[in-house]
Amino acid sequence: MSIEKELHNRSESKCELCSATEALSVYAIPPESDNTAEQSVLLCATCKEQIENPESMDVNHWRCLNDSMWSQVPAVQVVAW
């Protein structure tokens with residue numbers, strides 16, 4: 001099974017931070033991801049863009065972290081932190 005398919009199964013095809021369902025892609029957690037589902041999360045384009053380009057950050061978007069930080073998935077916990 002591909003990493004993307006594993007992440008879709010784990011997240012029920014939702015962004016693991018904000019629960020969006022559109023434009024999802026794999027985000028490997030830096031600095032040294034081994035490209036496994038355990039070290040990756042499925043993110044929407046908005047979350048991924050804001051992580052990769054902090055100058056474009058919309059602080060109101062990150063209110064979603066109130067829920068996602070309680071995820072049972074360690075990779076999601078790390079990114080939420």
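What follows is a walk through the predicted model of this protein, from its overall fold down to a few single residues and a pocket.

The model is a prediction, and a natural place to start is how confident the predictor was. The average pLDDT of the protein comes out at 92, and 100% of the residues reach at least 70. Confidence does vary a little from element to element: β2 has the highest mean, at 96, while α3 has the lowest, at 91.

As for the fold, the protein is built from four helices and two strands. Read from the N terminus, these elements come in the order α-β-β-α-α-α. The radius of gyration is 12 Å, close to the 12 Å that the globule rule gives for 81 residues, so the protein is as compact as a globular protein of that length. Along the principal axes, the C-alpha atoms fit in a box of roughly 35 × 25 × 25 Å. Of the 81 residues, 33% are buried. Contacts also reach across the sequence: among those with a separation of 6 or more, 46% join residues that sit 24 or more positions apart.

Two residues from separate helices help to show how the chain comes together. One is Val79, which belongs to helix α4, residues 74-80. Its relative accessible area is 19%, and Val79 counts as buried because the cut-off for that class is under 20%. Leaving out residues up to four places away in sequence, Val79 touches Leu17, Ile29, Val41 and Ile51. Of these partners, Val41 falls within strand β2, which spans residues 40-44. A longer step leads from Val79 to Ala20: these two are 59 residues apart along the chain, and their C-alpha atoms are separated by 16 Å.

The other residue is Ile51, in helix α2, which covers residues 45-52. With a relative accessibility of 27%, Ile51 is partly exposed. Again leaving out residues up to four places away in sequence, its contacts are Leu17, Tyr27, Leu43, Trp62 and Val79. Leu17 thus turns up among the partners of Val79 and among those of Ile51. Although Ile51 and Val79 lie 28 residues apart in sequence, the distance between their C-alpha atoms is 9.2 Å.

The loops hold some backbone details worth a look. In the loop between β1 and β2 sits Pro31, and the peptide bond that leads from Pro30 to Pro31 is cis, with omega near 5 degrees. The loop between β1 and β2 also holds Asn35. Asn35 is not a glycine, yet it has a positive phi of about 60 degrees. The side of Asn35 open to the surroundings is reflected in a relative accessible area of 57%, which makes Asn35 exposed. Ala23 has a positive phi too, of about 55 degrees, and is likewise not a glycine. Ala23 is placed in the loop between α1 and β1, and with a relative accessible area of 54% Ala23 is exposed.

Glu38 is a further resident of the loop between β1 (24-28) and β2 (40-44). Its relative accessibility of 59% puts Glu38 in the exposed class, because that class takes in values over 50%. Being exposed does not leave Glu38 without partners: beyond its neighbours within four places in sequence, Glu38 is in contact with Arg10 and Ala75. Arg10 falls in helix α1, residues 3-11, and Ala75 falls in helix α4, residues 74-80. Val59 is another matter: its C-alpha atom and that of Glu38 are separated by 27 Å, with their positions 21 residues apart along the chain.

Last comes the largest pocket. The space in this pocket amounts to about 180 Å³. Its lining is made up of 14 residues, and those nearest the centre are Cys15, Glu16, Leu17, Ser19 and Ser68. Leu17 therefore links the pocket to the contacts described above, because it also has heavy atoms within 4.5 Å of Val79 and Ile51. Two helices, α1 (3-11) and α3 (65-68), each give at least two residues to the lining. By type, the lining is a mixture, with six nonpolar, four polar and four charged residues.

Note on methods: Residues numbered from 1 in each chain as written. Predicted model: local features only at pLDDT ≥ 70, side-chain atom pairs only at ≥ 80, totals over all residues. Heavy atoms only, no water. 1 Å grid on protein atoms, 1.4 Å probe; cavity = no way out; pocket = protein on both sides within 12 Å on 5 of 7 lines; lining within 4 Å. Points joined across faces, edges and corners; volume = space filled by probe spheres on them. Nonpolar A, V, L, I, M, F, W, Y, C, P; charged D, E, K, R; others polar. Buried < 20%, exposed > 50% of the residue type's maximum accessible area, 1.4 Å probe, protein only. pLDDT = per-residue confidence, 0-100. Rg over C-alpha atoms; globule rule 2.2 N^0.38 Å.
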